[in-house]
Amino acid sequence: MTAPHPETWLRVTEAGLYCEPGRFFIDPVRAVSHAIVTHGHSDHARPDHQAVLATPETLAIMRVRMGEGRAGVTQQALRYGEAVTVGEVRVTLRPAGHVLGSAQVVMEWQGSRAVVSGDYKRRRDPTCAPFEPVRCDVFVTEATFALPVFVHPPAEAEVAKLLTSIELFPERTHVIGAYALGKAQRLIALLREAGWDRPIHLHGALQPLCRLYEAHGVPLGELRPATVKDRASLAGAIVLAPPSAIADRWARRLHDPVPCYASGWMRVRQRAKQRGVELPMVISDHADWPELLATCAEVEAEEVWITHGREDALIHALAQRGQRGRALHLVGREEEETEALEFAEGGEG
Ligand SMILES: [Zn+2]
Ligand SMILES: [Zn+2]
């Protein structure tokens, strides 16, 4: 008997991708009875599901972000590499390298294997486990930065630019827009690796998840609240804030602030200019164009399904390499964080 093609057992519904023989959704955009959640960003982890299966880290992130009562009536933790049978489907989670706890969902049914990547990147990130490629029949990928123009520079080089700017303007406060989940902690860890051992100041919105990362064994060094009342003491300091805060009144009360923003979207100069970003830092938690192509090749999937992002260029490039691409047009993605909508129409980066 030949294995059934994943299109016969995985389908797109209004709530998101649904696995028929497992009777569960993956990252559903509305409350459902059984959800597998790839990671804690708000366009993937929604509140009020009945049963949620995810990594222990993702479940902890959901509890912090939504409150205990809305993070799933029942929560089932599944560690990377452990297998569980859901309905008739064998399910395993593998690291996606995107943020703490982020996972690819590996589903096996009657000899056929599909992998849903969730969001992912292939660059080193000291705050989460690295992406593990899994061979499969169908690979379901994101495509946030799926254009040849998107080639992310090394994050270390972007951090070096920041440190140079601090040397040049030692009296000014560098205030960096960074998403509360993932980007903020990665940036802090990179700053520590680059030798910045002074305290790093945090906007209140970033504090709970930084504490959570530390509780999960990711050291971030000395963190202090960014109390703008005491603006003189923040001269020469690094302040991290949600992207929406860097250009508003909150940041203007800091000492002669230099607005910075850490995002893959900073590759697009127009976006930086529009929002008055003086120091754009191209640091992304998503795969860039070469990483997308390399990953699709590595998993050796006959077909690649694209959940959200720019699918046309990727489908074309895959076809030239003998892989069939298909756009799923899932709704409700690319709104990674609410700040993203205000800041850069394209979503979290
Ligand atoms: Zn994400
Ligand atoms: Zn996403």
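Okay, let's start with the domains. The assignment splits the protein chain into domain 1, which is 6–149 plus 285–339, and domain 2, which is 155–281. Their centres, taken over C-alpha atoms, sit 29 Å apart. And this is a predicted model, so keep that in mind throughout.

How much of each domain takes part in the contact between them? We get 18 residues on the domain 1 side, against 19 residues of domain 2. On the domain 1 side, helix α1, residues 56–66, gives the largest share, with four residues. By class, that side of domain 1 is made of seven nonpolar, five polar and six charged residues.

Before I go on, a word on confidence. Mean pLDDT for the protein chain is 93, and 95% of the residues are at 70 or more. The stretch to watch is 335–347, where pLDDT drops below 50. That stretch still has 30 contacts in the model, beyond near neighbours in sequence. Generally, where pLDDT is low, you shouldn't read the predicted coordinates in detail.

Right, sheets. There's an open one with six strands, in the order β1-β2-β3-β4-β5-β6, and its pairing is mixed. Which strands stand at the edges? Those are β1, at 10–13, and β6, at 74–77; each has a single partner strand, so each is left with one side that has no neighbour in the sheet. On average, neighbouring strands here are turned by 30 degrees against each other, ignoring direction. If you want to look at one pairing, take β1 with β2, residues 16–19: the two run antiparallel and are joined by four bridges. For L10, the bridge partner in β2 is C19.

Now the seven-stranded sheet. This one is open as well, it goes β7-β8-β9-β10-β11-β18-β19, and again the pairing is mixed. Here β7 (83–86) and β19 (324–327) are the edge strands, with a single partner each, so one side of each has no neighbour in the sheet. From one strand to the next, the twist averages 25 degrees.

Let's stay at the β19 end for a moment. Strand β18, residues 303–309, runs parallel to β19, and four bridges join the two. Within that pairing, W305 is opposite R326 of β19. Then there's helix α8, residues 311–320, which lies across β11 (138–143), β18 and β19. Its direction is at about 165 degrees to β19.

Over to helix α3, residues 183–193. Is this helix mostly covered or mostly open? Mostly covered: of its 11 residues, eight are buried. The list is K183, A184, Q185, R186, L187, I188, L190 and L191, so have a look at those on screen. What's covering them? There are helices, including α2 (155–168) and α4 (207–215), and there are strands too, among them β12 (174–177), β13 (200–202), β15 (238–241) and β16 (258–262). Just after α3 you reach G195, which takes a positive phi of about 100 degrees.

Last stop, V268. Where does it sit? V268 is in the loop between β16 and α6, with α6 covering 269–274. Why do we call V268 partly exposed? Because it has 18 other C-beta atoms within 10 Å, and the cut-off for buried is 20 or more. Compare its position with H329: the two are 61 residues apart along the chain, and 24 Å separate their C-alpha atoms.

How values were computed
Residues are numbered from 1 along each chain as its sequence is written. Chains are lettered from A and ligands numbered from 1 in the order in which they are written. This is a predicted model: local features need pLDDT of at least 70, side-chain atom pairs count only at pLDDT 80 or more; totals for chains, interfaces and linings use all residues. Two strands pair if DSSP finds at least two bridges between them. Axes are lines fitted to C-alpha atoms, for helices over the stretch in contact, and angles run from 0 to 180 degrees between N-to-C directions. Two residues are in contact if their C-beta atoms, placed from the backbone, lie within 7 Å. Domain bounds come from an automatic or database domain assignment. Ala, Val, Leu, Ile, Met, Phe, Trp, Tyr, Cys and Pro count as nonpolar, Asp, Glu, Lys and Arg as charged, and the others, Gly among them, as polar. A residue is buried if 20 or more other C-beta atoms lie within 10 Å of its own, exposed if 12 or fewer, and partly exposed in between; C-beta atoms are placed from the backbone. pLDDT is the predictor's confidence in each residue, from 0 to 100.
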